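Hi there,

Here is the structure I promised to pass on to you. My notes on it follow below, so please have a look at both when you get a moment.

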Amino acid sequence: MNYYDTDLTTLHEKLVNKKLTAEQLTRDTLAKIKADNEAINAYITIDENAAIETAKAIDAKGINPDNLWAGIPIAVKDNIVTKGLRTTAASKILENFNPIYDATVIEKLRANDVIVIGKTNLDEFAMGGSTETSYFKTTRNPWNLSKVPGGSSGGSAATVSAGGVLAALGTDTGGSIRQPASFTGVVGVKPTYGRVSRWGIIAFGSSLDQVGPFTRTVKDNAALLNLIAGHDEHDMTSSDKEVPDFTAGLDGSVKGMRIALPKEYLGEGVDENVKKAVLDAANTFKELGATVDEVSLPHSKYGIAAYYIISSSEASSNLQRFDGIRYGFRAKDVKNLEDVYVRSRSEGFGDEVKRRIMLGTYSLSAGFYDAYFRKAAEVRTLMINDFKKVFEDHDFIIGPTAPTPAFGIGEDSNDPKKMYMNDVLTVPVNMAGLPGMSLPAGFSNGLPVGLQIIAKPFDEQTLYKAGYAFEQATDFHSKTPEIGGDK
Amino acid sequence: MANEEKIDKAQVEHVASLAKLEFNDADLGKFTTQLADIMGLFNTLSEVDTTGVEPTFSVTDQFNTMREDMAVNSHEKDALIKNAPDTQDGYIRVPAIIDESEGAN
């Protein structure tokens, strides 16, 4: 089986009417993802036994007809801690780490009888845009196995794209949900900073990190955000604002809505086919009765520099905890305590993580703090002000998610600066804490192209409304990969 | 200006020591080249006039929240210590802080 010909509501009805048991669905899902894992390598850990046991228990209890997600297996990025289920952040330093608690988002899944089927591959500590910096494996793009799935949530995106699961969770610090969604032709949403609890997320950039859903349809995506959103006493940055029903108001209409298209988002370095997809999308929205204005976000071009200073600085601080003492990898044959720290970190972290720690440590160090960290935080304010100005008279912003479709495995992995530049269209959203979506909007040489939609803080409802209208008016989301390609 | 300096190997070694990392000679050369390239990108921020602009360190509008001062049972020691790489009698074991091989004379 695969999940191409179904959706959440259809599966839910089958489960409620006992045409399908959670156990059978789980076994079918396991068979599919295990078969795909050789070619696609989306999973670090597949939790076969626990998933089947959980499914049996849910069947025995009975499927709650009011809970759409009861008995549905989903995949979780391996930087979200799961009690008793190895969680690695795709790093050697956490190769044997078994969390003793569940992240808040996992608690919410379990409380709603969702089955965690496995932990997906990512760039080490979510640092990267291709899933190539994983210590364990290289995940391949289902549309073309010689291409990356994007990153850092590449495993979650790839398994949804391959029809292995209905939905997956990822995290997005600078585009790590939206860019892989774009590269694999699925729907990915980074909620507003504060919408979803970060408790139990292995921290990378704490002022930027958010958890969000991957799905094949906009409506299923909204339904999964319904499940994971809300205030959490364990995360003081999680918002106590009321969580609306994100599936309400999906009526296919954007009539009268005012859309902004920033000219900087179609500038140098953006692939011609990507530009065309975005301009076609603008026309689709116009045909649906919206207006589209060209606007300017003048500080966009400084986004990459400011983002990499801030995210690396926060990472260098967050990753101090990995010292080989309380948990994780400890180097062998050490002479003294200092040696434990230095050798465990130097042997336990991969090159990309070391680069970020070095960039962050440098940016925060005496004599450089004002020129780098503080300066970047000031530029961040200007970027936020750019968005505020556009949102004064627009409901949402559209643009490409990434400048190009998926690139080849190994193509950019030796040029970190080039790799960083790929994030130019996604990092501004994290810097401003805004909600953003990527959804299928076209193809370039057989590879999916994503449209990015950006809304005001805590206005995910507009994201979903606009995304749903676009999805109903187009058929890009119904295209599925023939797993293969020129490997 | 500090931000016009080009990062060199000595600086990279200094930063590595602050970050509790070490590099062999080949990696030191590679990291110095890559970090200099990326710092060049970072230096473009000096073009932006931020006079009078307040920095943004967090975008949350939540204030710090306090919980009631009540003792709760959270993580148990036995469970916590299972992830430690080296333990003895319920404690985490680490090597001596002072290098014993050097202090032998």
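**What turned up**

In chain A, strand β9 (residues 396–400) and strand β11 (residues 447–455) pair in the antiparallel sense over five bridges. Strands here are DSSP E runs of at least two residues and helices are H or I runs of at least four, numbered from the N terminus; two strands pair if DSSP finds at least two bridges between them. One of the partnerships joins Ile398(A) to Ile453(A) in β11(A). β9(A) also pairs with strand β7 (residues 258–262) of chain A, in the parallel sense and over two bridges, where Ile259(A) has Phe396(A) as its bridge partner. Five of the five residues of β9(A) are buried, so the strand is largely enclosed by the rest of the structure. By buried I mean that 20 or more other C-beta atoms, placed from the backbone, lie within 10 Å of the residue's own (12 or fewer is exposed, and in between is partly exposed).

A word on provenance: this is a predicted model, in which local features need pLDDT of at least 70 and side-chain atom pairs count only at pLDDT 80 or more, while totals for chains, interfaces and linings use all residues. Residues are numbered from 1 along each chain as its sequence is written, and chains are lettered from A and ligands numbered from 1 in the order in which they are written.

Two helices of chain A are worth a look. Helix α7 (residues 218–228) is mostly covered, with nine of its 11 residues buried, among them Asp220(A) and Asn221(A). Just after α7(A), Gly230(A) takes a positive phi of about 125°. Helix α10 (residues 337–348) has 12 residues that should span 16 Å, and its end C-alpha atoms are 16 Å apart, which agrees; the expected span is 1.5 Å times one less than the number of residues. Its buried residues include Arg343(A) and Arg345(A).

Gly118(A) sits in strand β3 (residues 115–120) of chain A. Gly118(A) is buried, with 30 other C-beta atoms within 10 Å.

Finally, the interface: 48 residues of chain B are in contact with 57 residues of chain A, contact meaning C-beta atoms, placed from the backbone, within 7 Å. On the chain B side, α2(B) gives the most, with seven residues.

Happy browsing, and best wishes!

Notes:
Contact = placed C-beta atoms within 7 Å.
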